[in-house]
Amino acid sequence: MGGREKRVTVRRTAALGLLAGTLAGSTIFVIVASAIAQGSPGSNDAYIEATHLPPLLTTVGSVVLEYDAYCVDPTVEEAETSCDVTGSAFVRAGASGHFRELPLARDGSTSRLAARVPTSISSSGDGFTYYAELRTGEGASTTLPAGGATAPHRSLPLGRAIQVDLGAHTFGEPARANERVVAAAWGDGPGEAGLEQGRNIPPIGPSTFEVDASGTVVLLDQAHRRVLRWRRGVLSPTQVPLDVDGTLADMTLAPDGTVYVLESVGRAGRTPLVRRFDPDGRPRGSTELAEGRSSRIGNGPAGPIVLQQPSQQWMSVATAGSLVGPDGQRRSGRSGRPHRGGTEVVVLRHGSEIRVALARSGGVLRSWRITSETALAEVQLAEPLGNHLVVVARVYTDERDEFLVLVLDEDGVRRSLSLDSADWAETSPLSRFRLVGSALFQLGSTPAGVFVDRFDLEAA
């Protein structure tokens with residue numbers, strides 16, 4: 001590796017290390033908790049890398065917008081002499097009207113920029129919306145989120161949240177599944193699942209799955225570039241070849257059986273693709289993502305949506321059967337994951353607290369504040385179930401971990417159950433659970449193979 005490329009790698013590694021630290025106290029689900037913005041690192045031009053923790057569900061008190069921003073200049077030998085980043089945040093009460101510019105000032109560190117939101121804006125009952133523009137004297141710039149004023153971040157007051165204190169989690173008492181709907185051994189046979197075993201890294205199995213309304217389970221076996229489809233009550237799956245790259249990917253199904261595959265890695269100099277296939281696996285086009293990374297693809301009321309990074313917003317990638325290009329994706333960005341009836345689910349995890357809200361354009365309809373003595377990791381799922389909300393989060397210690405399923409209502413926790421993490425093989429990060437009707441499905445793995453279990457969530 002040449003000296004110039006090495007210097008760029010060192011700076012980017014530092015920024016990614018910062019991101020990892022940020023994510024340790026946040027979540028990448030539904031409403032993000034951290035974002036990375038950057039320019040064009042493939043050129044000799046300076047570009048910006050930045051992380052941000054959006055205050056998307058707030059309690060009473062002052063609100064500070066903070067950005068850790070690095071300027072990466074491939075032509076500079078020493079990081080200390082690299083270009084400086086300045087910028088402004090643009091904020092407004094509610095979701096309409098003019099934005100007020102707030103200069104971002106250094107708070108004492110070499111990379112952190114901050115601005116305090118005026119109380120007249122942060123205390124608005126309608127919340128506030130905002131975006132930031134970061135720039136350098138050398139001409140590099142970036143906007144976070146990418147849609148800027150058209151699709152800003154939205155912060156909502158948590159309101160009179162229902163308090164849920166989980167206390168200390170008891171490990172070793174996982175619930176038994178109502179049914180194991182899929183089981184496949186590792187291997188290369190027709191009904192087996194591909195396993196990629198790398199040196200010094202965990203094994204990688206099928207990266208994701210979906211369950212349609214009929215109960216058919218579709219498993220993305222990316223190692224064999226296919227999906228395996230188990231129809232309800234049939235032991236042997238149908239193989240459907242897919243023209244995918246074979247990298248770790250996520251997937252969602254449209255109601256008509258169309259398969260959308262979100263690939264995790266783009267080709268050289270390009271962003272990742274969302275590929276569309278008909279139910280028989282025939283290619284039906286693709287679209288590049290607006291941004292360089294993504295966490296999840298799912299279905300929204302108008303079609304498939306992708307949680308993209310750096311903006312960490314849900315963006316439409318197809319509407320009315322037509323794929324949406326990058327510009328249209330940026331304009332559609334929204335902080336909450338949309339659901340039917342005009343509602344959105346908003347989730348923010350910080351440390352061992354999860355804030356979750358069901359919201360509409362007018363504000364929060366109902367919210368919960370979940371605290372735990374046991375450490376909480378990622379929120380895998382947060383979706384409405386009738387008048388309830390289902391939340392699945394990982395709880396962990398240094399020695400072990402499990403998934404905790406909460407069915408929330410107006411009184412707090414209506415039902416809870418612990419599940420074995422069953423994650424011997426790696427998958428896409430947010431692909432282990434799907435909610436279909438009142439059934440929760442879990443993708444799991446052991447040294448023997450991969451499986452999908454069903455748990456019925458009707459009240460006990």
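**Exercise 1. Place Gly292 in the chain and describe its surroundings.**

Solution. Gly292 sits in the loop that runs from strand 23 (283-288) to strand 24 (293-300). Strands (E, at least two residues) and helices (H or I, at least four) are DSSP runs, numbered from the N terminus. The model is predicted: local features need pLDDT of at least 70, side-chain atom pairs count only at pLDDT 80 or more, and totals for chains, interfaces and linings use all residues. Residues are numbered from 1 along each chain as its sequence is written, and side-chain values use heavy atoms, with hydrogens and water left out.

Next, take the accessibility. The relative accessible area of Gly292 is 38%, so the residue is partly exposed; buried means under 20%, exposed over 50%, and partly exposed in between (1.4 Å probe, protein chains only).

Then list the contacts (heavy atoms within 4.5 Å). Leaving aside residues up to four places away in sequence, Gly292 touches Thr271, Pro272 and Gln309. The C-alpha atom of Gly292 is also separated by 7.9 Å from that of Arg270, 22 residues apart along the chain.

**Exercise 2. Trace the strands that follow, from strand 24 to strand 26.**

Solution. Start with strand 24 and strand 25, which run antiparallel and are joined by seven bridges. Two strands pair if DSSP finds at least two bridges between them. A hairpin connects strand 24 to strand 25 through two residues. Within this pair, Arg296 stands opposite Leu307 of strand 25.

Continue to strand 26 (residues 313-316), which pairs with strand 25 in the antiparallel sense over four bridges. Here Ile305 has Ser316 as its bridge partner. This second hairpin has three residues between its strands, and Gln312 in the turn has a positive phi of about 55 degrees.

Finally, consider burial. Seven of the seven residues of strand 25 (residues 303-309) are buried, so strand 25 is largely enclosed by the rest of the structure.

**Exercise 3. Give the strand order of the open four-stranded sheet and identify its edges.**

Solution. The order is 16-17-18-19, with antiparallel pairing. Strand 16 (208-211) and strand 19 (238-241) are the edge strands; each has a single partner strand, so one side of each lacks a neighbour in the sheet. Neighbouring strands are turned by 20 degrees against each other on average, direction ignored; axes are lines fitted to C-alpha atoms, for helices over the stretch in contact, and angles run from 0 to 180 degrees between N-to-C directions.

For one pair in detail, strand 18 (residues 226-230) is joined to strand 19 by four bridges. Arg229 stands opposite Thr238 in strand 19.

**Exercise 4. Describe the largest pocket and its lining.**

Solution. First, the volume is about 1,100 Å³. A pocket is an open set of points on a 1 Å grid over the protein atoms alone, where a 1.4 Å probe fits, with protein on both sides within 12 Å along at least five of seven lines; lining residues have an atom within 4 Å of a point.

Second, 34 residues line the largest pocket, and the closest to its centre are Val211, Leu253, Asn299, Leu435 and Val436. Elements giving two or more residues to the lining include strand 16, strand 20 (249-253) and strand 37 (433-436). Strand 24 gives the most, with four residues.

**Exercise 5. State the overall figures for the chain.**

Solution. The chain has three helices and 39 strands. Of its 460 residues, 54% count as buried. Among contacts between residues at least 6 apart in sequence, 52% join residues at least 24 apart.

Note on methods. Grid points are joined across faces, edges and corners, and a volume is the space filled by probe spheres set on the points.
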